[in-house]
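The exercises below concern side-chain packing and pairing in one protein model. Work through each task with the sequence and structure at hand before reading its solution.

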Amino acid sequence: MINKRMLLVAIAAGSITAIAEHGVEQLIAHHQGNHPTVDQYLIDGVATHPVDPPPPVSIPVTPLDEIGPGEASVGPAAPDGALPADLTPTPGSNPAPGSARPRIEIKPKWSFLDLIPGLKKPEGVSLQLVKTKDIIKETKDPIWQLQLVDNKGTVLDRLPALTGRANRQALDRHQSGNKSPLPAGTYRIDRLGIERGPFGDPELGRGFWVPITPLFSTGRSSLGFHQDPSWGKLNGESGTSGCIGLENSGATIQLVEWIKHFNINKLTVKS
């Protein structure tokens, strides 16, 4: 009796297992027929929705003949006596008659002031030298003032200056060699002769030498602007032999900037 019951249970269990296996097979077959596998989904997805590769990284390469100033390497410093970069004559410029030095091409200088409506660059700008009532306390040198003026006489800027020796101010200013101040009158600023130190004469100081030529008859010559390295010193050399001495090399640079920016070619020395 027990054996028959066990047999029936075994038969029933086997039938259920067979039915379950058959159902699972049908379920798998149905799944495979209507839905892709994960692998197939990935393959199909890549095929129908390809991923764009990242854009190539472009590294600009500048040809050697297009490298701007200062980009490739730092060259040697400008030699002594050379003009500043913005005063270097333009290549191809013709030398002045009787001079081996090319003309200094004055390049316009842009300023934020150019953006202000109605504001114009001063016209007819020139230099004038006037004597003040001030003196250097230690040496008694009278202080003159180099003024940047427009064509209406408006003073735009100024620099202190010395001319002649302290004890020679009242001598004949047209006589050569007496170390008096340069004579009153109008002078031409000779841009062709602008040079940068050092110079053979230590009393020409550092910075720039700016020569001037009197436009009137006088016994004075070889006049110009330069730094006075003995300014205010008790060494017997404070002041000049007739030139216009500026306090430091920076003042000579400022002067050259004025000449360049405003295209100045005239100096007027007042009595």
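**Exercise 1.** Identify which residues touch the most other members of the largest nonpolar core, and which helix gives that core its largest share.

*Solution.* The largest nonpolar core (a set of buried Ala, Val, Leu, Ile, Met, Phe, Trp, Tyr and Cys residues joined through side-chain atoms within 4.5 Å) has 28 residues, and L127, L146 and L267 touch the most other members. Its largest share, six residues, comes from helix α3, residues 249-262, where helices (H or I, at least four residues) and strands (E, at least two) are DSSP runs numbered from the N terminus. The model is a predicted one, in which local features need pLDDT of at least 70 and side-chain atom pairs count only at pLDDT 80 or more, while totals for chains, interfaces and linings use all residues. Residues are numbered from 1 along each chain as its sequence is written, and side-chain values use heavy atoms, with hydrogens and water left out.

Next, take L267: leaving aside residues up to four places away in sequence, its contacts (heavy atoms within 4.5 Å) include L127, L146, Y187 and F225.

**Exercise 2.** Find the salt bridges and state how buried or exposed the partners R165, E237, K260 and E257 are.

*Solution.* A search of the whole structure gives three salt bridges, each defined as a side-chain nitrogen of Lys or Arg within 4 Å of a carboxyl oxygen of Asp or Glu. One of them joins R165 to E237, with the closest N and O atoms 3.1 Å apart; this pair links distant parts of the chain, 72 residues apart, since R165 lies in the loop between β3 and β4 and E237 in the loop between β7 and β8. For accessibility, buried means under 20% relative accessible area, exposed over 50% and partly exposed in between (1.4 Å probe, protein chains only). R165 is therefore buried at 10%, whereas E237 is partly exposed at 29%.

Another bridge, between K260 and E257, has an N to O distance of 2.8 Å, and both residues lie in helix α3, three residues apart, about one turn of the helix. K260 is buried at 5% and E257 partly exposed at 22%.

**Exercise 3.** Classify the geometry of the aromatic pair formed by Y187 and F216.

*Solution.* Rings of Phe, Tyr and Trp (its six-membered ring) pair if their centres lie within 6.5 Å, and planes under 30 degrees apart count as stacked, over 60 as edge-to-face and the rest as tilted. The count comes to one pair: Y187 and F216, at 5.3 Å centre to centre and 85 degrees between the planes, are edge-to-face. Y187 lies in strand β4 and F216 in the loop between β6 and β7, so the pair ties together parts 29 residues apart in sequence. Y187 is buried at 0% relative accessibility, while F216 is partly exposed at 24%.
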